[in-house]
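The following exercises are to be worked through with the sequence and the structure at hand. Each task is followed by a solution in steps.

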Amino acid sequence: MRITVLGKSPAWQDADGACSGYLVEGGGQVVLLDCGPGVFAKLRRFVDYVDVDAVVISHLHADHILDLVPYASGLRYAPRQQPVPVGGFPGTDSPARPRLLAPPGALEAFAGLCTASGMSADHIELAFDVTVYDPADRVELGGLTARFQPVPHFLPANAVELAEDGARMTFSSDCAPNEALCEFAAGTDLLLIEATLPRPERDGERGHLTPEEAGEHGAKAGARRLVLTHYSDELDVAWAVEEAGRAFGGPVDAAHEGATYQVGAR
Ligand SMILES: [Zn+2]
Ligand SMILES: [Zn+2]
């Protein structure tokens, strides 16, 4: 399984960057994990968007879903994608219609997002084969298996695991410190974990991790490899890596656009 970072910015993009988006290739599948602002353009540097088998969404914050709108436009309006697929036409030359696995509440969120931006309410649903997953589900995507774990955040969010033949990558989604992620990620080959905050939130509900907390979660999980993400280019990355590394007790990588990570044999 190969993971390519398309975007690692937090809720606002780095200079020339993109928000949450990771390309995962393995098990005969091309999977896009999250589709935040800027991700569609970055995706096109690496693969043809019609060749993506599935898009998996961790949660419904803007920085994880907004580029579903232009992605849907490409799938519906690109000349090579005509006619517009509705339900597929077996036996004919069907345009690409990737699967879209999205959390509960997604259909309402997508309809609101599309209508508020002048598109039809079903713009995303017409472009993608949408499945609203239950976080308790285990979803087979060709030779990959997707699993989910609810994690505490400002709205319902799910850590996501993609596994191929026992090789596992775990994505934290956005989350406050929590035990559930450590248990879900126990023994994972690669934990891609958010490290958004230079310091814990000053007041109110917690929703994100510091680099030190990201390192602690990696250590508790016994992750073989730890990669920090969802941090701004306004954060001192050397400081973040050092903080996380001390807590993790081993070397830590900081995700950057175009970085690739190999998990498992291939
Ligand atoms: Zn986010
Ligand atoms: Zn979020």
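**Exercise 1.** Is Cys 114 buried or exposed?

*Solution.* The model examined here is a predicted one. The relative accessibility of Cys 114 is 0%. Buried means under 20% relative accessible area, so Cys 114 counts as buried.

**Exercise 2.** Determine how many disulfides the structure holds, and examine Cys 114 and Cys 182 individually.

*Solution.* A disulfide requires two cysteine sulfur atoms within 2.5 Å. The structure holds zero disulfides. For Cys 114, the nearest cysteine sulfur belongs to Cys 35 and is 12 Å away. For Cys 182, the nearest cysteine sulfur is that of Cys 175, 8.8 Å away. Cys 182 has a relative accessible area of 6% and is therefore buried.

**Exercise 3.** Describe the coordination of the zinc ion (ligand 2) and classify its geometry.

*Solution.* Begin with the donors: His 59 through NE2, His 61 through ND1, His 153 through NE2 and Asp 174 through OD coordinate this ion at 2.1 to 2.3 Å. Next, consider the angles. The four donor atoms subtend 90 to 163°, and the arrangement is therefore irregular. Along the sequence, the donor residues follow the spacing H-x1-H-x91-H-x20-D. His 59 is in the loop between β4 (54-56) and α2 (62-65), while His 153 is in the loop between β8 (144-151) and β9 (157-164); the pair therefore ties together parts that are 94 residues apart in sequence. Both histidines are buried, His 59 at 0% relative accessibility and His 153 with a relative accessible area of 7%. Finally, the zinc ion (ligand 1) is 3.5 Å from the zinc ion (ligand 2), and Asp 174 coordinates both.

**Exercise 4.** Which element gives the most to the largest nonpolar core?

*Solution.* The largest nonpolar core has 33 residues, and Leu 43, Val 55, Leu 68, Tyr 71, Ile 124 and Phe 128 have the most contacts inside it. Elements that each supply at least two residues include β3 (29-33), α1 (39-46) and α3 (68-77). Of the contributors, α3 gives the most, with five residues. Another core, of 28 residues, lies apart from this one and has Val 5, Val 56, Leu 192 and Val 227 among its members.

**Exercise 5.** Identify the buried residues of helix α7 and what covers them.

*Solution.* Within α7 (residues 211-221), the buried residues are Pro 211, Glu 213, Ala 214, Gly 215, His 217, Gly 218 and Ala 221. Their cover includes α6 (179-184), β11 (190-194), β12 (226-229) and α8 (237-248). Gly 222, with a positive phi near 70°, follows the helix α7.

Note on methods
Residues numbered from 1 in each chain as written. Chains lettered and ligands numbered in written order. Predicted model: local features only at pLDDT ≥ 70, side-chain atom pairs only at ≥ 80, totals over all residues. Heavy atoms only, no water. Donors = N, O, S within 2.8 Å, 3.2 Å for Na, K, Ca; no water. Tetrahedral: all angles 85-135°; square planar, octahedral: opposite > 155°, others 65-115°. Helix = DSSP H or I, 4+ residues; strand = E, 2+ residues; numbered from the N terminus. Buried < 20%, exposed > 50% of the residue type's maximum accessible area, 1.4 Å probe, protein only. Core = buried A, V, L, I, M, F, W, Y, C linked by side-chain atoms within 4.5 Å. Contact = heavy atoms within 4.5 Å.
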